[in-house]
Amino acid sequence: MTTYKGSAARQRLNNVLANHLIQDFAANGAEVVAKLRKDKPVEYMKMVNALLEQQAASEAAQAPTYNVVERRIVYPPAHPDS
């Protein structure tokens with residue numbers, strides 16, 4: 001058995017897990033999602049919501065940041081004697 005230590009090891013473990021999940025989803029994903037939607041609609045919607053929030057956060061992180069400076073010319077009020 002391999003012993004994992006440190007952040008590099010955690011990253012390797014995360015990669016291995018991600019690869020297994022990708023393979024499992026490729027083989028069974030559509031069927032499992034359909035079953036989840038049918039049998040547990042609340043859990044299905046939680047999953048959809050989590051994915052939408054993740055997508056929105058990703059898009060927000062990639063969006064450019066602008067610093068807006070408002071410029072106005074302010075004229076003094078007209079003198080009543082003019």
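This report describes the helices, salt bridges and one distant residue of a predicted model.

**Helix α1 and its bend**

Helix α1 covers residues 6–39. Although α1 has 34 residues, its end C-alpha atoms lie only 40 Å apart, whereas a straight helix would reach 50 Å at 1.5 Å a residue. Along its course, α1 bends by about 70° at N28.

**Packing of α1 against α2**

Two packed helices are described by the angle between their axes and the distance between the axes. Here the axes of α1 and α2 come within 5 Å and cross at roughly 125°. The crossing therefore makes α1 oblique to α2, because an angle that is not under 35 degrees, not over 145 and not from 65 to 115 counts as oblique. On the α1 side, the residues in contact are V33, L36, R37, K38 and D39, and they meet P41, E43, Y44 and M47 of α2. Helix α2 itself spans residues 41–62.

**Salt bridges**

Side chains of opposite charge can pair when their charged atoms come close. The structure holds 2 salt bridges, set out below.

| Salt bridge | N to O distance | Helix | Separation along the chain |
|---|---|---|---|
| D39 and K35 | 2.7 Å | α1 (residues 6–39) | 4 residues |
| K46 and E43 | 3.5 Å | α2 (residues 41–62) | 3 residues |

An α-helix has 3.6 residues a turn, so residues three or four places apart point the same way. In α1, D39 and K35 are about one turn of the helix apart. In α2, about one helical turn separates K46 from E43.

The accessibility of three of these partners can be stated. D39 is partly exposed, at a relative accessible area of 43%, while K35 counts as exposed at 53%. E43 is partly exposed, with a relative accessible area of 39%. D39 and E43 are also among the residues through which α1 and α2 meet.

**The segment after α2**

What is the relative accessible area of D81? The value for D81 is 69%, so this residue is exposed, the threshold being over 50%. D81 is found in the segment after α2. Its C-alpha atom is separated by 81 Å from that of D39, and the two residues are 42 residues apart along the chain.

Technical notes:
Residues numbered from 1 in each chain as written. Predicted model: local features only at pLDDT ≥ 70, side-chain atom pairs only at ≥ 80, totals over all residues. Heavy atoms only, no water. Salt bridge = Lys/Arg side-chain N within 4 Å of Asp/Glu carboxyl O. Helix = DSSP H or I, 4+ residues; strand = E, 2+ residues; numbered from the N terminus. Buried < 20%, exposed > 50% of the residue type's maximum accessible area, 1.4 Å probe, protein only. Expected span 1.5 Å × (residues − 1). Bend = angle between axes of the 7 residues up to and from the residue. Axes fitted to C-alpha atoms, helices over the stretch in contact; angles between N-to-C directions. Contact = heavy atoms within 4.5 Å.
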